[in-house]
Amino acid sequence: MLTLEDVLAADDRIRDVVRWTPLERSHSFSEETGADVALKLENFQRTGAFKIRGALNRIETLDDERKRAGVITASAGNHAQGVALAATRAGVDSTIVMPEFAPISKVKATRRYGGTVILHGEDYDAAQAHARELAKAEDRTYVHAFDDEEVMAGQGTIGLEIVEDCPEVDTVVVPIGGGGLIAGIATAVTEQLEDVRVIGVQAEGASSARESLERGEIYERDQVDTIADGIATRRIGDKPFAVMKERVDEVATVTDREIALALTLLLERTKALVEGAGAVSLAAVLAEAFDYEDGETIVPALCGGNINLNQLTTVVMRGLVQLGRYLKIRTVLKDRPGALQSLVDVIADSGANIYAIHHDRTSRKAAVNAAEVELEIETHDTEHAEELIAKLRGKGYAVDVLD
């Protein structure tokens, strides 16, 4: 099983290339949760995610013959970029198989780092199967995204940095996809600190780790469905599972709504752009998905910042809805001059701002002499949104709040 010595050896190999990423205390999240929250900002790593650590360590352990043969991997995006950059720096040819629906930003970035990208399959598991076939046919070394001890050791160097920068840490919170990251970090921190807890977090729509630990054997989901595409795997790896059984205290899950809220708050309060997979650790803290004490020092690992800008717009909008700062309503007006203006005046008088109006005279839900109106409204917070709805209903408007 993976040891601290493996992680230290990995650190020696990769330290000249990888960044020692910041660990910053958040007064905002500490005040909100009652804990002492310090964010491990791995989204500032080269390629925008932690994956370069494990990929580089794996490639650096290859002999010259295997390096000449080239490497191949499968990835939803972050591991792809890590392998591409690590291979390019080592003068090694790399092929990356990515799911057909991988974020275009990650596909383009992987190509910029020097990898040859092949799009195949609807998810990571399908891409991995195809990459395995190509590895055998082309005699390339397969660099697994998580089920590889050299990869796990490389990811564990994050744990070394956490212990160095925050030796008083009580709980480290780590996202789980295939489990390589948490296996490496758990090894690094638990072998150096006696009383530290390691909490894993998965998206509710891609959770397999907690049930695997409860069963004592790996559980594989039939499918995954989450905005956190970087951790959207159907099962955890065999090697990470062996470590997790010994060194991970608990696995929590969070919903996509909770992930979207955490991502939005990170962007607003810390100015840090974090992808869904990277935000799940903070989401678990904010949602109290596991128990912690007031004043407990908690380090959520924010493991990546490579989010597609199109997805970012959608996710931030969901986060604003949960904060009560974006409201979508539907009502019906008499189809006569001034009716819409009267509605707008009520909204304006309440201090809200109209973002968009959709006015439909042909809706089947409205009478012949009426028009259905949908409004997208910017409000201050949940209380303000509720006050606006109450005010509209008090003026006689039948208001439906839309999801």
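Reader: How many of the 5 residues of strand β9 are buried?
Author: This is a predicted model. Strand β9 covers residues 250-254. The rest of the structure largely encloses β9, because the buried count among its 5 residues is 4.

Reader: Which strand pairs with β9, and over how many bridges?
Author: The partner covers residues 197-203. The pairing runs in the parallel sense. It is strand β8, over 5 bridges.

Reader: Which residue in β9 is the bridge partner of Gln 202?
Author: Gln 202 falls within β8, residues 197-203. Its bridge partner sits in β9. That partner is Thr 253.

Reader: Is Ser 208 buried or exposed?
Author: Ser 208 lies in the loop between β8 and α11. Leaving aside neighbours within four places in sequence, its contacts include Gln 202, Tyr 219 and Arg 221. Arg 234, Arg 235 and Ile 236 are also among them. Buried means under 20% relative accessible area. Ser 208 has 0% relative accessibility, so it counts as buried.

Reader: In what order do the 4 strands of the open sheet stand?
Author: The pairing in this open sheet is parallel. β5 (116-119) and β6 (141-142) stand at the edges. Each has a single partner strand, so one side of each lacks a neighbour in the sheet. The order is β5-β4-β3-β6.

Reader: Which residue in β5 stands opposite Thr 95?
Author: Strand β4 spans residues 94-98. It pairs with β5 in the parallel sense over 4 bridges. Opposite Thr 95 in β5 stands Thr 116.

Reader: What angle does the direction of helix α5 make with that of β4?
Author: Helix α5 spans residues 78-89 and packs on the sheet. It touches β3 (71-74) and β4. The angle between the directions of α5 and β4 is about 175°.

Reader: How far apart in space are Asp 93 and Thr 116, C-alpha to C-alpha?
Author: Asp 93 sits in the loop between α5 and β4. Asp 93 and Thr 116 are 23 residues apart in sequence. In space, C-alpha to C-alpha, they are 8.4 Å apart.

Reader: With which side chain does the side chain of Asp 93 make a polar contact?
Author: Asp 93 is partly exposed, with a relative accessible area of 42%. Not counting residues up to four places away in sequence, Asp 93 touches residues including Gly 70 and Val 71. The polar contact spans 2.6 Å. The partner side chain is that of Arg 140.

Key: Residues are numbered from 1 along each chain as its sequence is written. This is a predicted model: local features need pLDDT of at least 70, side-chain atom pairs count only at pLDDT 80 or more; totals for chains, interfaces and linings use all residues. Side-chain values use heavy atoms; hydrogens and water are left out. Two strands pair if DSSP finds at least two bridges between them. Helices (H or I, at least four residues) and strands (E, at least two) are DSSP runs, numbered from the N terminus. Contact means heavy atoms within 4.5 Å. Axes are lines fitted to C-alpha atoms, for helices over the stretch in contact, and angles run from 0 to 180 degrees between N-to-C directions. Buried means under 20% relative accessible area, exposed over 50%, partly exposed in between (1.4 Å probe, protein chains only). A polar contact is a pair of N or O atoms within 3.5 Å; within protein, one must be able to donate a hydrogen and the other to accept it, and residues adjacent in sequence count only if both atoms are side-chain atoms.
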